[in-house]
Amino acid sequence: MNENISLTPSIVMEYLYCPRFIYYMLYLKISQKEENRYKVQIGRNIHKKKTRINKEYLRKKIGVKEKLLDKKIFSKKHKIHGIVDEILFLDDGTAAPLDYKFAKYKERIFKTHKYQAAMYGLMIEDKYDISVDKAFIVFIRSKNKLIEIDLNDKIYDKVKEIKHEIIKIIQKGIYPDSTNYKSRCQDCTYRNICIK
């Protein structure tokens, strides 16, 4: 693995949406021009919304003894970095990331949320030498509903596998298969150059 490569949860989200994003963005270095996309603008405004949440209530509910907010974190071991909305140190001696989503809770947790949480978990474990076996998401558009995610070996192993696939694309210029969900292609910034 190239020593200069360090991935973010956002890169993994792009890969999960469509692996070809990685090829175009990070191998060919063609910008998405994300600033023009409505969904991205909504996501960037999330930090303004989360200030309105009764955080103390949420923290008491899950047994938080200490917290760090908007923490820049990296793991040299795992070659990943990012900003965690909150790192929670819990009464049971473990830690957990907490992430705010400007979304409605759809009665299930998507894989993208689990893998993003697992990346945060790997970084927290590496930086603070503490066990991270769960994560939390607050769904702002569902009245700040708090959901717990179980972070187990299966999820951590899958994140490591995805990370290695992404690095192969970046280093070797492998042209990956596109997403199986063709409806995603309609809103894709690369649709005019993507080879079907």
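## A buried lysine

Let's start with one residue: Lys134 has a relative accessibility of 17%, so Lys134 counts as buried, because buried means under 20% relative accessible area. Keep in mind that everything here comes from a predicted model.

Which residue does Lys134 form a salt bridge with? The partner is Asp92, and the closest N and O atoms of the two are 3.6 Å apart. Lys134 belongs to strand S4, while Asp92 sits in the loop between strand S2 (80–90) and S3; with their positions 42 residues apart in sequence, the pair links distant parts of the chain. Asp92 has a relative accessible area of 49%, so Asp92 is partly exposed, because the exposed label needs a value over 50%.

## The overall layout

Stepping back, the chain has 7 helices and 5 strands. If you walk from the N terminus on, you meet them in the order α-α-α-α-α-β-β-β-α-β-β-α. The chain has 196 residues, and 46% of them are buried.

How much of the contact picture joins residues at least 24 apart? Among contacts between residues at least 6 apart in sequence, the share is 69%.

## The sheet

The 5 strands form an open sheet, in the order S1-S2-S3-S4-S5, and the pairing is mixed. Which strands are the edge strands? They are strand S1 (64–75) and strand S5 (145–150), each of which pairs on one side only. Going from one strand to the next, the twist averages 30°.

Here's a bit of background: the strands of a sheet pair through backbone hydrogen bonds, and the pairing can be parallel or antiparallel. For S2 and S3, the sense is antiparallel, and the pairing runs over 4 bridges. Want one spot to look for? Phe89 has Ala95, in S3, as its bridge partner.

## Rings that pair up

Now for the aromatic side chains: there are 9 aromatic pairs in the structure. One of them is Tyr105 with Phe139, whose ring centres are 5.3 Å apart and whose planes make an angle of 50°, which makes the pair tilted. Why does this pair tie together separate parts of the chain? Tyr105 lies in the loop between strand S3 (95–101) and helix H6 (111–128), whereas Phe139 lies in strand S4 (residues 134–139), so the pair joins parts that are 34 residues apart in sequence. Are these two residues buried or exposed? Both Tyr105 and Phe139 are buried.

Elsewhere, one aromatic cluster is formed by Tyr17, Phe21, Tyr23, Tyr24, Tyr27, Tyr175 and Tyr190. Tyr17 also has a charge over its ring: the charged end of Arg184 sits there, 4.7 Å from the ring centre. Another arginine does something like this with Phe102, as the charged end of Arg141 sits over that ring, 5.4 Å from its centre.

## More salt bridges

How many salt bridges are there? The count comes to 4, and you've already met the one between Lys134 and Asp92. Another is between Lys158 and Glu161, with the closest N and O atoms 3.2 Å apart. These two residues are 3 residues apart in helix H7 (residues 153–172), so about one helical turn separates them. Lys158 is partly exposed at a relative accessible area of 31%, and Glu161 is partly exposed at 43%.

Helix H7 also holds Lys168 and Glu165, again 3 residues apart, or about one turn of the helix. They form a salt bridge, and their closest N and O atoms are 3.4 Å apart. Lys168 counts as partly exposed at 34% relative accessibility, and Glu165 is partly exposed with a relative accessible area of 31%.

## A leucine with far-off neighbours

Let's finish with Leu16, which you can find in helix H1 (residues 9–17). Leu16 has a relative accessible area of 25%, so it is partly exposed. What does Leu16 touch, leaving aside residues up to four places away in sequence? The answer is Thr112, Tyr115, Ile162 and Arg184. Arg184 is also the residue whose charged end sits over the ring of Tyr17.

Take Ile162 from that list. In sequence, Leu16 and Ile162 are 146 residues apart, yet in space their C-alpha atoms are 8.7 Å apart.

Methods:
Residues numbered from 1 in each chain as written. Predicted model: local features only at pLDDT ≥ 70, side-chain atom pairs only at ≥ 80, totals over all residues. Heavy atoms only, no water. Phe/Tyr/Trp six-rings, centres within 6.5 Å; stacked < 30°, edge-to-face > 60°. Buried < 20%, exposed > 50% of the residue type's maximum accessible area, 1.4 Å probe, protein only. Lys NZ or Arg CZ within 6 Å of the ring centre and 35° of its normal. Salt bridge = Lys/Arg side-chain N within 4 Å of Asp/Glu carboxyl O. Pairing = 2+ DSSP bridges. Axes fitted to C-alpha atoms, helices over the stretch in contact; angles between N-to-C directions. Contact = heavy atoms within 4.5 Å.
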